[in-house]
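Please read this briefing alongside the sequence and the coordinates. It treats packing, one buried histidine position and a hairpin in turn.

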Amino acid sequence: MTKNYMTYPLKNMRITCRYDEGSHRNHCINVADGLVDYPIDDAGIDTGRDPIYCCCDEMKVTNVQGVGNGYTNTIWLVSTSPVVTPTFTDIAYIALTHSNDSDLKNIKVGDTFKRGEIICYEGVDGATANHIHMSCGRGYCDNWKQNSNGAWIMTPGTSVKPEDVFYLDRSFTNEIWGGSLNWKELPTEEKKIVGTPVSRNPSVNQVEVLVDNLNARSDPSTTSSSNGYIRKGIYQVLEEKKQVDYVWVKVESYWIAMNENWTKYYPKEESTSTCQEELEQLKETYPRLIFRCNKTGKYIIYLEAGKSLYLN
Ligand SMILES: [Zn+2]
């Protein structure tokens with residue numbers, strides 16, 4: 001990326017609790033002493049444990065708590081240089097809670113992660129089902145403190161709502177459920193566009209991409225990684241696969257989901273030259289015959305008033 005954008009750190013966004021819901025309300029609603037943060041729970045795709053990735057050029061671990069003791073496992077990370085977020089450009093932090101001991105036991109304060117590297121995974125330490133509880137904000141952060149509602153608040157630093165800290169990079173994150181929060185798209189100049197369209201060729205199966213934000217995926221599934229957006233235009237269809245969600249087609253080395261709103265499919269046409277020759281021949285032999293079926297199919301025939309149609 002040309003700028004140090006702060007991007008959402010999971011490949012599957014499925015928010016199971018917003019900052020203003022459930023137990024999170026104690027973090028930011030009716031807090032007498034004003035000590036607040038805005039955590040969200042993300043449970044990723046609903047099988048196994050999704051990884052949490054480093055979400056800017058580099059982050060440094062500032063604290064790890066809970067491994068081998070009674071606290072709920074939590075790891076704090078701060079960007080090593082200013083990041084660009086939808087609302088500020090500054091040092092930013094994230095704090096991740098519920099990863100398992102096995103994920104955090106080898107991580108030390110001072111360890112660094114580069115963009116895209118896995119920090120840890122969703123877990124069940126202090127939770128009943130795999131998820132990650134995540135707080136974020138502006139500035140430095142390496143601790144927590146209980147507020148007047150009894151909630152553990154990440155501190156110091158200024159807590160900021162996640163939709164104001166992370167851009168949503170749709171070529172990386174698949175939004176299964178964004179919690180109806182107002183996520184901002186990663187600025188368009190940062191989105192990779194892939195694919196080299198070809199000319200229309202009726203003798204092969206082709207697909208036309210009609211929109212400029214269709215993911216070019218590594219596998220025929222919305223959970224597989226995206227290589228960017230496929231360029232608008234026509235492509236040769238190399239393979240087709242019907243899945244429960246979409247019919248997927250392979251173009252170049254990418255899989256794209258088919259839907260009439262964003263793609264148009266052009267099935268291979270029967271060779272027209274031989275048909276044409278045959279039709280010319282028929283016209284000479286039977287001057288009144290204008291059409292003959294070569295195979296069973298459905299045809300629409302328009303008749304002028306007063307004309308008759310004979311079938312044999
Ligand atoms: Zn939570």
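The points below are grouped by topic.

This is a predicted model, in which local features need pLDDT of at least 70 and side-chain atom pairs count only at pLDDT 80 or more, while totals for chains, interfaces and linings use all residues. Residues are numbered from 1 along each chain as its sequence is written.

**Nonpolar cores**
- The largest nonpolar core (a set of buried Ala, Val, Leu, Ile, Met, Phe, Trp, Tyr and Cys residues joined through C-beta atoms within 7 Å) has 45 residues, and among those that touch the most other members are Met-6, Ile-52, Tyr-93 and Ile-119.
- Several strands (DSSP runs of E, at least two residues, numbered from the N terminus) give two or more residues to this core, including E1 (12-17), E4 (58-65), E8 (92-97) and E11 (132-138), and E8 gives the most, with five residues.
- A second, separate core of 13 residues includes Val-207, Tyr-235, Trp-255 and Ile-256.

**Contacts of Tyr-93**
- Leaving aside neighbours within four places in sequence, the residues in contact with Tyr-93 (C-beta atoms, placed from the backbone, within 7 Å) include Trp-76, Val-78, Cys-136, Tyr-140 and Gly-157.

**His-133**
- His-133 lies in strand E11 and counts as buried because it has 24 C-beta neighbours inside 10 Å, the cut-off being 20 or more other C-beta atoms within 10 Å, these atoms being placed from the backbone.
- Beyond its neighbours within four places in sequence, His-133 is in contact with Pro-39, Asp-41, Thr-97 and His-98.

**The E23-E24 hairpin**
- Strands E23 (residues 239-242) and E24 (residues 247-251) run antiparallel and are joined by four bridges, where pairing requires at least two bridges found by DSSP.
- Four residues lie between the two strands of this hairpin, and Lys-242 has Val-247 in E24 as its bridge partner.

Conventions. Buried ≥ 20, exposed ≤ 12 C-beta atoms within 10 Å, placed from the backbone. Contact = placed C-beta atoms within 7 Å.
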